[in-house]
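Biologist: Please take one part of this model and go over it closely. I would like its burial, its partners and the space beside it, in one connected account.

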Amino acid sequence: MSKHWLRKYPNLVKDIKVTAPEQVWVSDITYIKSDEGNCYLNMVTDVFSRKIMGYAIADNMETASMIKAYQMAIKNRKTDRSLIHHTDRGLQYCSGEYVKLSTDNGVSISMTENGDPYENALAERMNRTIKEEFGLGRLLPSRQKAFLLAEEAVELYNNYRPHWALKLNTPNHVHSQKIPATEATGI
């Protein structure tokens with residue numbers, strides 16, 4: 001297999017200082033166990049505000065679910081400033097559909113260089129937070145329960161969970177307060 005795609009999508013966020021919402025988004029996939037089998041949760045998180053901009057849960061790891069989360073994030077976007085979307089090198093994120101969605105929306109693609117989880121640490125941390133703090137890390141009775149808990153977890157996380165890194169504000173509060181009215185485009 002050719003490794004030209006490894007060079008095509010470098011790590012653009014390695015030394016970047018994020019100073020506002022919607023400059024850098026990160027994504028990752030995590031599994032959720034149920035008595036009916038695993039589900040897979042994909043989240044797109046804003047680095048500055050820690051807001052989950054989009055998410056999707058499915059009973060497989062196919063690209064369609066990742067696309068759904070990414071489309072939700074793009075729909076929730078409030079600015080047209082330059083945006084980098086950073087992921088690991090999972091095949092879903094390298095797919096033609098995913099790349100086209102990025103290109104069509106003016107989003108630069110960034111990927112980890114060596115599959116090192118530290119290069120996508122915030123996304124990994126988000127997986128842990130959602131699973132540990134909102135009950136998605138335990139064995140759930142059904143996939144339906146996983147879907148419902150994921151939706152509830154995102155709502156609670158974005159609107160009610162304060163962060164030390166955000167001076168005890170919530171992700172939604174920081175996200176909305178740090179986007180000047182002149183920049184909001186309602187994209």
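Modeller: A residue is called buried under 20% relative accessible area, exposed over 50% and partly exposed in between, with a 1.4 Å probe and protein chains only. The model is predicted, so local features need pLDDT of at least 70 and side-chain atom pairs pLDDT 80 or more, while totals for chains, interfaces and linings use all residues. Residues are numbered from 1 along each chain as its sequence is written, and side-chain values use heavy atoms, without hydrogens or water.

The part I take is β2 (39-46), a strand in the DSSP sense (an E run of at least two residues; helices are H or I runs of at least four, and both are numbered from the N terminus). Eight of the eight residues of β2 are buried. In a regular strand, side chains alternate between the two faces of the sheet. One face of β2 carries C39, L41, M43 and T45, the other Y40, N42, V44 and D46, and both are covered.

β2 has two strand partners to describe, where pairing requires at least two DSSP bridges. With β1 (24-32), β2 pairs antiparallel over eight bridges; V44 of β2 is the bridge partner of S27. Six residues separate β1 and β2 in their hairpin, and G37 there has a positive phi near 120°. With β3 (52-58), β2 also runs antiparallel, here through six bridges, and T45 has I52 of β3 as its bridge partner. The hairpin of β2 and β3 has five residues between the strands, with R50 in the turn at a positive phi of about 65°.

β2 also borders a cavity, that is, a set of points on a 1 Å grid over the protein atoms alone where a 1.4 Å probe fits but cannot get out. One cavity of 30 Å³ or more is present, and the largest has a volume of about 30 Å³, taken as the space filled by probe spheres on points joined across faces, edges and corners. Its lining (residues with an atom within 4 Å of a point) consists of V26, S27, D28, M43, T45, A123, M126 and N127. β1, β2 and α5 (121-133) each give two or more residues to this lining. By class, the lining has four nonpolar, three polar and one charged residue; nonpolar covers Ala, Val, Leu, Ile, Met, Phe, Trp, Tyr, Cys and Pro, charged covers Asp, Glu, Lys and Arg, and the others, Gly among them, are polar. M43 and T45, both in this lining, sit on one and the same face of β2.

The helix that shares this lining is α5. Its buried residues are L122, A123, M126, N127, T129, I130 and K131. They are covered by elements including β1, β2, β3 and α6 (143-160), through contact, meaning heavy atoms within 4.5 Å. The end C-alpha atoms of α5 are 18 Å apart, which agrees with the 18 Å its 13 residues should span at 1.5 Å a residue, the expected span being 1.5 Å times one less than the number of residues. Just after α5, G135 has a positive phi of about 80°.

Methods: On a 1 Å grid over the protein atoms alone, a cavity is a set of points where a 1.4 Å probe fits but cannot get out, and a pocket is an open set with protein on both sides within 12 Å along at least five of seven lines; lining residues have an atom within 4 Å of a point.
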